[in-house]
Amino acid sequence: METLHEWDRLHQIHPWAAMDDYQGYDNMFVDTADGIYLWDGNGKRFIDGPGGMWCVQIGYGRDEMADAIAQQVKKLPYTSPFTNTTEPSAILSKRLAEMAPGDLNNVFFTTGGSTAVDTALRTMHFMNNRLGRHDKKIVIAREKGYHGSTYLAHSVTGKERDKNRFDVESRLVRFLPDVNPYRRPDGMSVEEWCDEKVADLEKMIAEVGPENVGAFIAEPILSSGGVIVPPPGYHKRTFDICREHDILYISDEVVTGFGRLGHWFCSEEVFGIQPDMITCAKGLTSGYLPLGACIISDRVMERCASPDDPALFSNGYTYSAHPVSCVAALTNIEIMERENILEHVREITPYFQERLRALKKFPIVGDARGMGLLGCIEGKGKTLEEERELGNMIDAACEELGLLVRPLINMAVFSPPLVITRAQIDEMFDLLEKALEKVTRDLA
């Protein structure tokens with residue numbers, strides 16, 4: 001195993017690697033997995049609190065997934081999506097259109113969430129060029145929002161506390177201030193905070209000019225930003241403002257889609273909106289294979305159509321609609337339906353959130369928040385350095401006890417597999433409480 005670690009350190013660049021010590025990593029060597037658990041190379045078991053990367057909805061070790069993937073590999077491993085179609089992609093596109101709200105009946109398959117967001121933004125560009133609105137291209141996004149790592153997706157990402165040496169297309173985007181109710185001023189109600197956040201969007205549109213704003217992109221819950229749940233009513237009010245100014249509403253459901261809040265998609269079921277486009281990935285295949293999708297409304301597609309002026313939608317990927325990935329997605333959906341996983345999430349969520357919010361009893365915890373099977377604890381710190389140290393201490397204490405969380409500066413976030421049981425929720429939060437007790441003692 002040490003040889004593998006050495007090869008990894010010398011030759012593999014991991015996502016979000018710190019370049020001051022890019023060969024100094026000692027990442028956990030994960031050997032096997034089953035259900036909600038992972039085992040490292042030494043045989044130590046861990047609860048997978050992040051659920052992979054917000055994605056392993058049905059849990060690990062599903063023989064049915066392996067068999068379906070293997071059968072498709074034998075039958076047809078690949079064909080060009082530019083000129084051909086397949087049974088798995090045709091069936092999956094129909095299923096996604098049925099799951100999506102309103103008139104979102106058109107599915108463009110991508111390689112993951114970043115390329116799904118790129119596709120959504122390029123669709124906005126194409127539509128407005130088609131309509132002769134060549135200046136209506138600016139995207140309004142939000143601080144702490146995360147939308148991906150490709151150039152366009154990264155440009156509309158608002159994780160401002162990351163030190164960034166990459167270029168972005170700053171002409172394309174304007175960012176709204178933090179929507180986190182935890183950050184509201186003392187004495188301000190949540191309702192007043194919502195009014196202020198809605199006003200931020202109205203002011204930004206007025207400042208830029210509605211004739212220049214093409215889209216508003218928003219995660220229903222800002223996941224990588226720290227599981228930020230905007231105040232009640234925020235989504236519907238911002239959606240209505242977008243409609244008023246003919247601004248496309250892009251709902252980034254890469255994390256919240258496929259059951260994380262107990263529904264296939266939460267835009268309509270939870271927040272009461274029918275966006276113009278939904279981006280999804282991650283839970284679409286439960287992480288078994290890479291696949292993403294941009295689901296586009298009939299309204300947008302009709303405005304993109306050019307019967308008198310033929311124009312190619314020159315966007316696509318070698319692995320769009322990959323037949324093996326589409327089979328993985330279909331099998332994932334079948335398992336979720338057969339095992340009533342959406343209903344299970346809705347049933348078990350109140351207990352998960354109860355255990356989560358109980359963590360506020362620790363003096364080092366400033367906030368404990370979440371929705372569905374998404375959670376975050378935010379530690380208290382006076383400086384960024386203190387916050388980073390606290391986050392690292394919590395992460396290390398959890399890992400020592402056999403619990404993996406995803407550290408984000410002073411926060412620990414978790415999105416366990418949706419098949420987690422009540423007893424496993426207790427196991428997870430019992431370990432987290434022990435970790436917080438240890439860190440509290442160490443800081444005393």
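User: What makes up the exposed area of the chain?
Analyst: The chain exposes about 19,800 Å². Carbon and sulfur atoms supply 52% of that area. Keep in mind that the model is predicted.

User: What makes the chain agree with a compact globule?
Analyst: Its radius of gyration does. A compact globule of 444 residues would have a value near 22 Å. The chain has 22 Å, so the two agree. The C-alpha atoms fill a box of roughly 70 × 60 × 45 Å along the principal axes.

User: How many of the 444 residues count as buried?
Analyst: The share is 55%. To count, a residue needs a relative accessible area under 20%.

User: Which share of contacts in the chain joins residues at least 24 apart?
Analyst: It is 72%, taken among contacts between residues at least 6 apart in sequence. The secondary structure holds 13 helices and 15 strands.

User: How far apart are the mean positions of the positive and negative charges?
Analyst: They are 2 Å apart. The chain has 47 positive and 67 negative charges. Side chains of opposite charge can pair when their charged atoms come close. A search of the whole structure finds 29 salt bridges.

User: Why is the pair of D26 and R9 called a salt bridge?
Analyst: The test is a side-chain nitrogen of Lys or Arg within 4 Å of a carboxyl oxygen of Asp or Glu. In this pair the closest N and O atoms are 3.7 Å apart. That value is within 4 Å, so the pair passes. The two residues come from distant parts of the chain, 17 residues apart. R9 is in helix α1, and D26 is in the loop between α1 (2-11) and β1 (30-34).

User: D26 and R9: buried or exposed?
Analyst: They fall into opposite classes. D26 has 59% relative accessibility, which is over 50%, so D26 is exposed. R9 has 16%, which is under 20%, so R9 is buried.

User: What makes R355 and E433 a salt bridge, and where does each residue lie?
Analyst: Their closest N and O atoms are 3.7 Å apart. The limit is 4 Å, so the pair qualifies. R355 is in helix α11 (residues 341-357) and E433 is in helix α13 (residues 422-443). The pair spans 78 residues of sequence.

User: Are R355 and E433 buried or exposed?
Analyst: R355 has 12% relative accessibility and counts as buried. E433 has 14% and is buried too. Both values are under the 20% cut-off, so the class follows.

User: How do you know that R369 and E378 pair?
Analyst: The closest N and O atoms of R369 and E378 are 2.8 Å apart. That is within 4 Å, so the contact is a salt bridge. Both residues are buried. Elsewhere, shared partners join R133, R243, D246, D276, R299 and R303 into one salt-bridge network.

User: What is notable about phi of F258?
Analyst: Phi is near 65°, a positive value in a residue other than glycine. Most residues other than glycine have a negative phi. F258 lies in the loop between β8 (248-252) and β9 (277-280). Its relative accessibility is 0%, so F258 counts as buried.

User: Why is N340 called partly exposed?
Analyst: Its relative accessible area is 42%. Partly exposed runs between 20% and 50%, so N340 belongs there. N340 also has a positive phi of about 50°, although it is not a glycine. Its place is the loop between α10 (323-338) and α11.

User: Why is F239 assigned its burial class, and what does F239 touch?
Analyst: At 9% relative accessibility, F239 is under 20% and therefore buried. It lies in helix α8 (residues 234-244). Leaving out residues up to four places away in sequence, F239 touches Y249, I273, Q274 and P275. V198 is 41 residues away along the chain, with a C-alpha separation from F239 of 10.0 Å.

User: And L222: where is its place, and is it buried or exposed?
Analyst: L222 sits in the loop between β7 (213-218) and α8. Its relative accessible area is 0%, so L222 is buried. Beyond its neighbours within four places in sequence, its contacts include R142, E143, K144, G145 and V179. The C-alpha atoms of L222 and I247 are 21 Å apart, with their positions 25 residues apart along the chain.

Terms used
Residues are numbered from 1 along each chain as its sequence is written. This is a predicted model: local features need pLDDT of at least 70, side-chain atom pairs count only at pLDDT 80 or more; totals for chains, interfaces and linings use all residues. Side-chain values use heavy atoms; hydrogens and water are left out. Helices (H or I, at least four residues) and strands (E, at least two) are DSSP runs, numbered from the N terminus. The radius of gyration is taken over C-alpha atoms; the globule rule is 2.2 Å times the number of residues to the power 0.38. Buried means under 20% relative accessible area, exposed over 50%, partly exposed in between (1.4 Å probe, protein chains only). Contact means heavy atoms within 4.5 Å. Accessible areas come from the Shrake-Rupley method with a 1.4 Å probe; for residues, only the protein chains shown count as cover. Lys and Arg count as positive and Asp and Glu as negative; His and the chain ends are not counted. The place of a charge is taken as NZ of Lys, CZ of Arg, CG of Asp or CD of Glu.
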